[in-house]
Amino acid sequence: MSASPVTEPIVPPAPPAPSAAPPASPIAPATVHRLAGERRSQQFLSRYVLPVLVVIFALAAWDAAVRLSGSTLFPRPIEVAKGIIELGRQGLLVKYIAASLFRVTWGFTLAVIVGVPLGLFMGWFTWAANALNPIVQALRPISPIAWIPIAILWFGISDAAPVFLIFLASVFPITVSSMAAVANIQPVYVRAARNFGLSRMQLFRRVILPATLPQIITGLRIALGIAWLVVVAAEMIAVNSGLGYLIIDARNAGKRYDLVVAGMVMIGAIGLILDILVRRLERFDEVRWGYSRR
Amino acid sequence: MSRPAVDARHVSMAFPGKRAGEVISTLDNVSVQAPEGQFVCIVGPSGCGKSTLLNIIAGFLLPSAGQVFVEGERVTGPDPRRVFVFQENGVFPWLTVRDNVGFGLSRKSPDERARIVAHYIEMVGLTGFEGAYPRELSGGMRQRVEIARALAASPDIIYMDEPFGALDFITRLKMRADLTRIWQAEKKTILFVTHDIEEAVQLGDRVLVMSKRPGRIVDDVPIDLPRPRDLDAPGYLRARDRIFHAMGMSAHLGEAAPV
């Protein structure tokens with residue numbers, strides 16, 4: 001049996017594994033180093049340089065398209081950049097981003113608090129799934145936008161209305177993915193745990209929760225994307241701050257399309273950052289087993 | 001003979017079939033007695049119900065008829081005093097080797113737990129990999145973790161359901177040698193299910209041969225040979241051929257023997 005792991009770990013395992021002395025190979029060690037270096041720089045090019053080039057190309061195409069069309073209303077990239085700087089100087093940029101993030105944080109956190117336990121509960125007890133799944137599946141396809149009148153009716157003109165809409169948008173994906181995560185647990189883990197005489201509480205804490213965590217995190221990632229998507233719609237009503245408000249306000253107050261697009265760009269950039277942050281969670285050792293290598 | 005450690009009496013198992021009224025019988029009046037400390041192999045063709053039998057004995061399944069007694073107690077469910085080693089590997093991927101091996105030891109003090117864990121990690125030859133996660137290990141190493149986890153819980157009996165079934169040939173040979181060594185050191189009662197006749201003869205004190213479905217015990221072959229076993233010894237070859245014959249096959253052609 002080989003002493004070194006069969007699957008090539010992305011990060012070398014912590015223990016002092018019998019050092020993986022390179023097998024006798026006709027290639028000189030220096031060559032191996034050089035080849036490894038080339039592979040790393042290729043990865044760097046493909047992971048960082050390539051996407052940046054694509055963004056630059058897209059901006060150039062956008063700029064060219066606006067100039068060729070002769071439009072005076074639709075902004076060029078440089079005008080959008082100036083718009084963002086202008087917002088920053090007025091202190092509005094930070095204020096609006098903070099307002100939007102605040103609403104998403106609340107709505108999303110409430111959705112996690114409700115959705116994860118509810119989904120695990122429905123996944124574990126068949127009777128709970130039988131009882132609740134029809135309601136969940138019927139509420140799920142109702143767009144959060146459809147809830148806007150009700151949100152205003154219940155919460156009036158306050159932060160609670162958009163928080164409620166974000167909660168609604170993200171609670172169902174979280175519930176459904178948590179439920180599916182329980183259904184996908186390898187039965188052998190539950191049997192092994194039963195063999196060791198775990199109580200119900202221990203079974204949940206030591207097996208069900210860690211076994212479902214990778215898929216729960218994936219659900220959270222999708223739900224956070226949806227929450228961010230909905231914040232804009234939610235802020236178009238009943239509030240006077242946030243990136244969604246910025247877009248509507250810039251349009252209504254003087255057709256400032258540079259600021260409209262600036263708001264859109266900021267939403268996209270923050271969405272990207274949020275996704276990168278949640279993806280970080282997937283790299284923890286406790287959950288990494290649950291994702292196929294990307 | 002003193003009271004057997006495992007005593008399965010007249011166990012039958014039947015499932016309802018797809019069509020109404022149809023009954024699929026997988027085990028037909030099977031009785032198994034294993035004295036304490038014996039290494040018993042159960043061998044049979046695939047689908048003969050040997051795995052079902054082991055799951056019934058371990059308490060994971062309830063038989064349609066018959067009873068199982070372990071250490072004189074009626075079996076009604078799985079019990080930490082008897083640990084099951086699964087073919088599909090039940091090592092928890094979210095725990096390190098160390099935490100997997102110590103999984104059944106949560107009631108022990110941290111010091112004692114660390115001592116037991118280190119002892120069994122060494123016994124299965126995984127020293128140096130304590131902090132590794134299962135995904136960083138080969139299939140054979142993961143199976144070693146599971147065996148160490150079972151031993152660490154200090155069970156009276158270990159049930160093994162084709163534990164080496166998913167491993168490559170060389171690794172299986174090594175695992176058999178190591179399991180023999182560990183069994184000699186620990187003297188646990190082991191019930192070991194396999195479809196591999198050679199494996200059964202190499203490992204067991206005794207080999208129970210099952211027929212194809214519905215499974216019945218058709219032969220009970222004692223293997224009274226010193227360990228490690230000489231695979232060319234006449235006694236080894238005789239036992240092997242007898243099992244082949246009991247399964248209705250010729251040892252040399254692997255075909256149905258002319259009756």
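**Entry 1: chain A overall**

I began with contacts in chain A: among those between residues at least 6 apart in sequence, 72% join residues at least 24 apart. I keep in mind that this is a predicted model. What does the secondary structure of chain A come to? I found 11 helices and 0 strands. Reading along the sequence, I noted the pattern α-α-α-α-α-α-α-α-α-α-α for chain A. I also looked up burial, and 31% of the 294 residues of chain A count as buried.

**Entry 2: domains of chain A**

Next I checked the domain assignment, which gives chain A a domain 1 at 26–71 and a domain 2 at 77–288. How far apart do the C-alpha centres of domain 1 and domain 2 of chain A lie? I got 32 Å for that pair of centres.

**Entry 3: a helix pair in chain A**

I then picked helix 3 (residues 92–124) and helix 9 (residues 243–252) of chain A, which pack at an angle of about 125° with their axes 7 Å apart. Helix 3 of chain A is therefore oblique to helix 9 of chain A. Which residues make the contact? On helix 3 of chain A I listed A:Tyr96, A:Ile97 and A:Ser100. Helix 9 of chain A brings A:Leu243, A:Gly244 and A:Leu246 to the contact.

**Entry 4: the nonpolar core**

My next stop was the largest nonpolar core, which has 138 residues. Which of them touch the most other members? They are A:Ile166, B:Ile57 and B:Leu191. I saw that the largest share of this core, 15 residues, comes from helix 6 (residues 160–183) of chain A.

I followed B:Leu191 a little further, leaving aside residues up to four places away in sequence. B:Leu191 touches B:Val6, B:Ala34, B:Val40, B:Ile42, B:Leu54, B:Ile57, B:Ile157 and B:Tyr159.

**Entry 5: the four-stranded sheet of chain B**

Turning to chain B, I found an open sheet of 4 strands in the order 2-1-4-5, with antiparallel pairing. Which strands are at its edges? Strand 2 and strand 5 (73–74) of chain B are the edge strands, and each pairs on one side only.

I looked at helix 1 (residues 50–58) of chain B too, since I wanted its place on the sheet: helix 1 packs there and touches strand 1, strand 2 and strand 4 of chain B. The direction of helix 1 makes about 120° with that of strand 1 of chain B.

Strand 1 (residues 6–16) and strand 2 (residues 23–34) of chain B pair antiparallel over 8 bridges. Within that pairing, B:Val23 in strand 2 of chain B is the bridge partner of B:Pro16. The two strands form a hairpin with 6 residues between them, and B:Gly21 in the turn has a positive phi of about 85°.

Strand 1 of chain B also pairs with strand 4 (residues 65–70) of chain B, again in the antiparallel sense, over 5 bridges. Here I noted B:Ala8 standing opposite B:Val68 in strand 4 of chain B.

**Entry 6: the six-stranded sheet of chain B**

I moved on to an open sheet of 6 strands in chain B, with mixed pairing and the order 6-7-8-3-9-10. Why is one side of strand 6 and of strand 10 left without a neighbour in the sheet? Strand 6 (82–85) and strand 10 (217–222) of chain B stand at the edges, each with a single partner strand, so one side of each has no neighbour there. From one strand to the next, the twist averages 15°.

I checked the end of the sheet formed by strand 9 (residues 206–210) and strand 10 of chain B: the two run antiparallel and are joined by 5 bridges. Across them I found B:Arg206 opposite B:Pro222, and B:Leu208 has B:Asp220 as its bridge partner. Strand 9 and strand 10 of chain B form a hairpin with 6 residues between them.

**Entry 7: one proline in chain B**

Last, I looked up B:Pro163, in the loop between strand 7 (157–161) and helix 5 (169–186) of chain B. Is B:Pro163 buried or exposed? B:Pro163 has 25 other C-beta atoms within 10 Å, so I wrote it down as buried. Leaving out residues up to four places away in sequence, B:Pro163 touches B:Val85, B:Gln87 and B:Gln143. I also took a distance to B:Arg74, 89 residues apart from B:Pro163 along the chain, and their C-alpha atoms are separated by 26 Å.

Key: Residues numbered from 1 in each chain as written. Chains lettered and ligands numbered in written order. Predicted model: local features only at pLDDT ≥ 70, side-chain atom pairs only at ≥ 80, totals over all residues. Pairing = 2+ DSSP bridges. Axes fitted to C-alpha atoms, helices over the stretch in contact; angles between N-to-C directions. Domains from an automatic or database assignment. Core = buried A, V, L, I, M, F, W, Y, C linked by C-beta atoms within 7 Å. Buried ≥ 20, exposed ≤ 12 C-beta atoms within 10 Å, placed from the backbone. Contact = placed C-beta atoms within 7 Å. Parallel < 35°, antiparallel > 145°, perpendicular 65-115°, else oblique.
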